[in-house]
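The exercises below are to be worked through with the sequence and the three-dimensional model side by side. Each one sets a task and is followed by a solution in steps.

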Amino acid sequence: MRKFILKTFSMLVLICTTLIIIVLIPPNENLYLAEIKEKTELLNSIKSPRIILAGGSNLAFGIDSKKIEFEIGLPVINMGLHAGTGLKFFLDNIKPYIGKDDILIISLEYSQFYNNNIYGGGPLIEVLNFVPEEINNLNVKQLKAIFKYFFEFIKWKNMSIIKEILNREGGVYSKGSFNKYGDVIAHLNLESQDISKESILNNCDKINYESFKYLNNFFKYVENNGAKAYVSFPCIPQTQYMKSLNKIEEIYEIFQENSFNLISTPNQYVFPDNFFFNTVYHLTQKGRNIRTEIIINDIKKILK
Amino acid sequence: MLFNSIEFAIFLPIVFLFYWFIVNKNLKHQNLLLLIASYIFYGWWDWRFLSLIIFSSAIDYWVGVSLKDQQDKTKRKLLLLTSIFVNIGFLGFFKYFNFFAENFVTAFTIFGKHPDVISLKIILPVGISFYTFQTLSYSIDVYRRKFTPTKDIIAFFAFVSFFPQLVAGPIERATNLLPQFYKKRNFEYDKAVDGMRQILWGLFKKIVIADNCAPYVNDIFSNYSDYSGSTLLIGVILFAFQIYGDFSGYSDIAIGTARLFCFNLMRNFAYPYFSRDIAEFWRRWHISLSSWFRDYVYIPLGGSRGGTWSKIRNTFIIFLVSGFWHGANWTFIAWGFINACYFLPLMLIKQNRKYLDNVAEGKILPSIKEFFQMGLTFFITCIAWVFFRSESIGNAFHYLKIMFSTSLLTIPSILPKKLILSIILFVMIEWVQRDKQHALQIESFKLPEAIRWGLYYALIIIIFTFGGTQQEFIYFQF
């Protein structure tokens with residue numbers, strides 16, 4: 001028995017040591033999620049008043065910030081990165097930097113209001129690799145998500161190390177894909193892919209009211225800091241809108257019932273399927289231009 | 001709790017240490033610990049369904065004890081019927097209620113009637129098909145006086161819910177597993193080490209092979225009409241390896257885990273894809289279920305004794321019931337029917353027990369004949385898998401129609417080269433080890449310890465690096 005325990009324990013130590021080394025190895029700075037540092041730096045360096053766009057990748061792959069900046073006359077920071085990090089994480093990340101007269105446009109993927117998606121999944125633990133200090137701001141439910149996806153994270157980290165060694169580019173999902181505003185631009189001249197098999201509300205069966213509650217508190221925080229926050233909606237393909245109409249309407253109604261500052265309606269952002277690049281939230285150049293026009297008009301209305 | 005989860009990685013060592021260091025002096029305490037651990041393991045999914053296991057165990061315990069001194073034939077039969085009624089009743093309600101209700105409505109609709117039948121939102125309790133069969137076998141064996149019923153309630157409850165094999169088998173017999181709960185168990189180093197190896201190989205099969213096949217299979221089967229015949233062929237081959245890696249991987253982890261606690265579970269898979277005909281395949285695939293149906297359905301019906309018609313009838317019954325056991329869908333029944341059609345000719349010409357040994361015994365490579373036999377068996381098995389995996393029988397036929405169209409000769413649009421290469425390597429390893437209980441039984445190679453450790457270490461790192469996205473075990477839904 002002693003021999004067995006000793007040997008098993010030795011193997012366990014060996015494996016754990018390997019895992020710790022894997023976790024501690026500096027992450028590949030060319031990866032998509034590494035952009036979080038640049039985005040946070042933009043928040044830190046650009047002075048208020050500003051327009052801050054907050055949400056998942058629907059913003060990263062769907063906004064022309066330069067055009068908004070030109071039309072509105074305020075600096076724009078596109079904080080959109082990955083819905084999988086969870087709305088609590090990406091809004092918490094913005095909180096300390098909110099200044100007087102900032103305008104926040106929150107555009108959340110619909111899945112953020114379902115199940116426990118507010119607390120993030122695999123991408124949360126991945127993004128923490130680039131901003132480990134943020135772990136202090138996580139709550140128990142977020143830590144639980146990290147725990148759940150730990151093995152997935154190890155796999156992701158191993159693959160990222162292998163990619164770095166082999167010097168493989170990550171395509172549109174790399175840090176080099178972003179411009180100085182935080183918009184992804186690498187995909188703009190690429191051919192769009194088939195998105196017909198995707199779903200905007202995959203595995204989303206139960207509305208989580210905690211998402212609305214959190215958002216409500218966030219809005220109060222923003223107001224207390226002399227800024228203003230508004231809810232916009234992400235662009236989705238026509239076919240997806242029809243498929244999930246009831247759920248989308250339900251979410252919209254909850255927003256209305258809770259008196260959130262809404263600057264648009266979900267149906268304003270329903271685009272033809274061929275305006276989407278590689279997922280149901282990522283726009284092509286054409287889709288991006290149209291969305292930017294709509295959002296500029298929305299912002300102009302609130303500035304009047 | 002999933003075997004391939006971080007929760008189980010914490011749970012198992014804790015139970016192991018308690019078992020061998022805290023309660024090791026007392027057999028009853030060891031059994032009690034296993035019972036509590038098993039209920040925690042199961043309750044992790046949904047604690048409410050624990051009541052079903054407890055109720056089913058209590059009924060069969062009571063039936064067993066009552067049968068012991070009961071000599072009256074009618075009363076004995078009534079006791080057995082109680083056990084059958086409760087176990088099959090649970091299974092029927094949770095698994096088949098909606099199926100029967102829907103088909104009842106369909107049948108009446110044909111005659112122009114539209115009866116109002118309630119369709120319930122029933123959650124299928126994980127592993128119900130496995131533990132009900134296990135506990136049922138106990139009552140039947142006691143009724144047949146093949147097994148002396150136990151009075152040790154803890155041992156019996158632990159036997160029904162033994163966590164390594166509770167949710168997806170192997171479906172154990174009381175004659176094999178229950179007596180192991182009565183005997184004092186001493187730690188056996190070799191057994192435990194081999195158990196660890198088997199767990200490791202099971203995890204590899206599940207996480208690296210099955211979980212990597214899953215996304216391709218899901219995509220191809222969900223959108224089969226968009227793909228060419230060659231892609232559909234890739235889809236069904238990947239499914240064949242997904243279901244094998246998934247289910248035999250689970251069995252390996254279950255058997256290996258049981259060995260850590262000094263229990264021997266029955267073998268469930270014996271390299272089925274190296275079978276030379278379908279009869280051999282069925283002796284090597286899901287052995288615990290096949291032998292359950294053989295012993296409790298096929299033989300009582302008369303087995304292969306009697307006339308030709310009775311043989312045909314019995315063969316169809318066992319395969320159809322076996323198919324239906326997998327799920328409340330006509331696709332599973334069709335899958336059973338196809339396998340019966342494959343099997344029947346061999347039985348009628350008395351060739352169904354032709355291959356009882358391992359293929360190419362003592363040789364490195366198979367003969368050309370054996371190679372083609374294995375290829376053909378694998379191919380016809382894949383055809384049946386199309387029915388198993390499809391949403392409906394209509395979809396399965398459509399899938400096969402596209403698969404066997406001229407587009408079969410085109411280049412597949414989905415060709416996961418790295419995955420196919422890893423499957424080829426996996427098949428080669430299993431081929432070399434086909435005379436062993438599992439592919440990581442390497443003590444006969446007499447490798448130096450450093451090499452062995454390097455191998456285990458490499459395998460673990462491969463699992464961590466190249467494992468697919470975590471998926472539930474396919475057989476949990478059954």
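**Exercise 1. Two domains of one chain**

How many residues of domain 1 of chain B are in contact with domain 2 of chain B? State also where the domains lie and which elements contribute to the side of domain 1.

Solution. Before counting, note that this is a predicted model in which local features need pLDDT (the predictor's confidence in each residue, from 0 to 100) of at least 70 and side-chain atom pairs count only at pLDDT 80 or more, while totals for chains, interfaces and linings use all residues. Residues are numbered from 1 along each chain as its sequence is written, and chains are lettered from A and ligands numbered from 1 in the order in which they are written.

Step 1. The domain assignment, whose bounds come from an automatic or database source, gives chain B a domain 1 at 6-186 and a domain 2 at 208-276 + 355-477. Their C-alpha centres lie 29 Å apart.

Step 2. Taking two residues to be in contact if their C-beta atoms, placed from the backbone, lie within 7 Å, 17 residues of domain 1 of chain B touch 17 residues of domain 2 of chain B.

Step 3. On the side of domain 1, the elements that give two or more residues are α1 (6-22) and α7 (174-182) of chain B, where helices (H or I, at least four residues) and strands (E, at least two) are DSSP runs numbered from the N terminus. The largest share, three residues, comes from α1(B).

Step 4. By class, this side of domain 1 divides into 10 nonpolar, five polar and two charged residues; here Ala, Val, Leu, Ile, Met, Phe, Trp, Tyr, Cys and Pro count as nonpolar, Asp, Glu, Lys and Arg as charged, and the others, Gly among them, as polar.

**Exercise 2. The contact between the chains**

Describe the side of chain B that touches chain A, by element and by class.

Solution. Step 1. The contact takes 17 residues from chain B and 17 residues from chain A.

Step 2. In chain B, the elements that give two or more residues to it are α1, α8 (189-222) and α17 (449-466), and the largest share, six residues, comes from α17(B).

Step 3. This side of chain B has 12 nonpolar, four polar and one charged residues.

**Exercise 3. A pair of packed helices**

At what angle do helix α2 and helix α6 of chain B pack?

Solution. Step 1. Axes are lines fitted to C-alpha atoms, for helices over the stretch in contact, and angles run from 0 to 180 degrees between N-to-C directions. For α2 (residues 27-46) and α6 (residues 153-161) of chain B, the angle is about 35° and the axes are 9 Å apart.

Step 2. Residues of α2(B), including B:L32, B:L35 and B:Y39, meet residues of α6(B), among them B:I154 and B:F157. The residues of this contact divide into nine nonpolar, three polar and one charged.

**Exercise 4. Backbone details in loops**

Is B:R145 buried or exposed? Compile its backbone setting together with those of B:A360 and A:P49.

Solution. Step 1. B:R145, in the loop between α5 (128-143) and α6 of chain B, has a positive phi of about 60° although it is not a glycine. A residue is buried if 20 or more other C-beta atoms, placed from the backbone, lie within 10 Å of its own, exposed if 12 or fewer, and partly exposed in between; B:R145 counts as exposed because it has 11 C-beta neighbours inside 10 Å.

Step 2. B:A360, in the loop between α13 (330-348) and α14 (368-389) of chain B, has a positive phi near 50°, and with 18 C-beta neighbours inside 10 Å it counts as partly exposed.

Step 3. In chain A, a cis peptide bond joins A:S48 and A:P49, with omega about 0°, and A:P49 is found in the loop between α2 (35-45) and β1 (51-55) of chain A.
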